[in-house]
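Reader: Hi! Could you walk me through this one while I have it open on my screen?

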Amino acid sequence: MKTEVGSQGVPGKRGSLIDGAQENGDRDRSVHESPEHFIPDRDEDKDRVTVSFTLRNAKNSDLSSALNIFEAFEAQIHHVESRPGRKGKVGTDDLDFFLRCEVNSSAVNSLLNSLKRVAEDVHANKEEKVPWFPRKIQDLDRCHHLITKFEPDLDQAHPGYQDLEYRERRSHVARLAFHYKQGESLPRVEYTTEERATWKEVYTKLSTLYPSHACKQFLDAFNVLEKHCGYRADNIPQLQDVSNFLKGKYSILSAVVEE
């Protein structure tokens with residue numbers, strides 16, 4: 001039997017369960033003694049815990065008692081699964097349970113102590129917390145709004161901090177990236193005469209240095225960009241053009257980011 005359930009938050013028999021957990025804690029030195037009273041802290045870190053336990057000659061009331069314990073500690077139950085007990089005698093109504101829940105970190109030991117009063121073979125494991133990371137391309141929309149610390153508006157050591165015109169122009173280009181969503185056409189930037197002149201000067205100088213200072217792999221890639229993506233001294237390439245080429249040749253998509 002598998003059951004997906006939501007949060008259960010009825011206090012129920014909280015007082016007696018906590019007292020029982022404390023009594024069991026005195027007998028079981030492997031479990032820390034629980035607090036005198038369980039007062040949930042809404043801001044406290046929560047642990048994801050997987051719990052397995054066995055109910056001997058299980059009846060509906062036995063399962064209800066076990067679930068009441070999780071309710072008492074305001075655990076949010078995400079998954080419950082049961083199967084016939086593996087260790088019981090033939091003909092008995094033993095049931096093994098597997099349960100996944102989220103509970104306040106300080107309440108885990110007390111919850112397990114209480115569960116041991118009504119169940120056997122109680123085992124628990126805390127799930128490692130993995131920081132969120134993008135797993136599909138649409139998830140990148142949740143990343144590009146991050147602000148770097150080295151922003152000219154925030155860092156007085158930034159070389160453009162005193163240049164108000166530069167800061168306004170940078171903000172304009174950054175807003176294009178800020179409002180971009182995956183699936184849309186990449187925004188095109190209309191570069192100014194001064195920006196194109198700067199690009200031309202830098203591009204021309206670096207192009208003379210690449211043959212003697214860059215590796216073969218870089219030179220090969222740079223030649224491809226010049227041939228297919230509009231890399232020239234008199235033209236600043238647009239990201240959409242580069243993305244179209246990379247997607248067609250290498251199945252690589254470009255993403256716009258604010259920086």
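Author: Happy to. This is a predicted model, and F70 is a good place to start. Leaving aside neighbours within four places in sequence, F70 is in contact with V51, F53, A75, I77, L99, C101, L111 and L115.

Reader: Nice. What nonpolar core is there, and which residues have the most contacts inside it?

Author: The largest nonpolar core has 24 residues, and V51, F53, F70, L111 and L115 have the most contacts inside it. The elements giving two or more residues to this core are β2 (46-55), α2 (60-72), β3 (76-84), β4 (95-104) and α3 (108-115).

Reader: Let me zoom out for a second. How many helices and strands are there?

Author: The protein has seven helices and five strands. Along the sequence the pattern reads β-α-β-α-β-β-α-β-α-α-α-α.

Reader: And how much of the protein is buried?

Author: Of the 259 residues, 31% are buried. The accessible surface comes to about 17,500 Å², and carbon and sulfur atoms account for 51% of that.

Reader: What about contacts between residues at least 6 apart in sequence: what share joins residues at least 24 apart?

Author: That share is 66%.

Reader: OK, back to the core elements. Is α3 mostly covered or mostly open?

Author: Mostly covered: seven of the eight residues in α3 are buried. The buried ones are V108, S110, L111, L112, N113, S114 and L115. L111 and L115 will be familiar, as both are in contact with F70.

Reader: And why would you call β4 largely enclosed?

Author: Because seven of the ten residues of β4 are buried, the strand is largely enclosed by the rest of the structure.

Reader: Which strands does β4 pair with?

Author: β2 and β4 pair in the antiparallel sense over ten bridges. β3 and β4 also pair antiparallel, over eight bridges.

Reader: Can I get a landmark for each pairing? What stands opposite F53 in β4?

Author: F97 in β4 stands opposite F53. For the other pairing, look at P84, whose bridge partner in β4 is L95.

Reader: I've clicked on S52. Where does S52 lie, and what is S52 in contact with?

Author: S52 lies in strand β2. Apart from neighbours within four places in sequence, S52 is in contact with F97, D121, V122 and H123. S52 is partly exposed, with a relative accessible area of 27%.

Reader: How far is S52 from E120?

Author: Their C-alpha atoms are separated by 9.3 Å, although S52 and E120 are 68 residues apart along the chain.

Reader: Switching to charges. How many salt bridges does the structure hold?

Author: Twelve. One to look at is K126 with D47, whose side chains meet at 3.3 Å, N to O. K126 lies in strand β5 (residues 120-126) and D47 in strand β2, so this pair ties together parts that are 79 residues apart in sequence.

Reader: Are K126 and D47 buried or exposed?

Author: K126 counts as exposed, at 53% relative accessibility. D47 counts as buried, at 12%.

Reader: Any salt bridge inside a helix?

Author: Yes, D220 and K216 meet at 2.8 Å, N to O. Both lie in helix α6 (residues 216-228), four residues apart, which is about one turn of the helix. D220 is partly exposed with a relative accessible area of 37%, while K216 is exposed at 59%.

Reader: Got another pair for me?

Author: Sure: the side chains of D234 and R232 form a salt bridge at 3.0 Å, N to O. D234 counts as exposed at 55% relative accessibility, and R232 is partly exposed at 41%.

Reader: Which residues are joined into a network by salt bridges that share partners?

Author: R56, D94, E120 and D121 are joined into one network that way. You've met D121 already, as one of the residues in contact with S52.

Reader: Last topic, then. Which residues make a nonpolar patch on the surface?

Author: V202, L206 and L209 make a nonpolar surface patch of about 210 Å². V202 is found in helix α5 (residues 193-213). V202 counts as partly exposed, with 44% relative accessibility.

Reader: Great, thanks for the tour!

Methods. Residues numbered from 1 in each chain as written. Predicted model: local features only at pLDDT ≥ 70, side-chain atom pairs only at ≥ 80, totals over all residues. Heavy atoms only, no water. Core = buried A, V, L, I, M, F, W, Y, C linked by side-chain atoms within 4.5 Å. Buried < 20%, exposed > 50% of the residue type's maximum accessible area, 1.4 Å probe, protein only. Contact = heavy atoms within 4.5 Å. Patch = residues over 30% accessible without salt bridge, like charges linked within 9 Å, V, L, I, M, F, W, Y side chains within 5 Å. Areas by Shrake-Rupley, 256 points an atom, 1.4 Å probe, with all protein chains shown as cover. Salt bridge = Lys/Arg side-chain N within 4 Å of Asp/Glu carboxyl O. Pairing = 2+ DSSP bridges.
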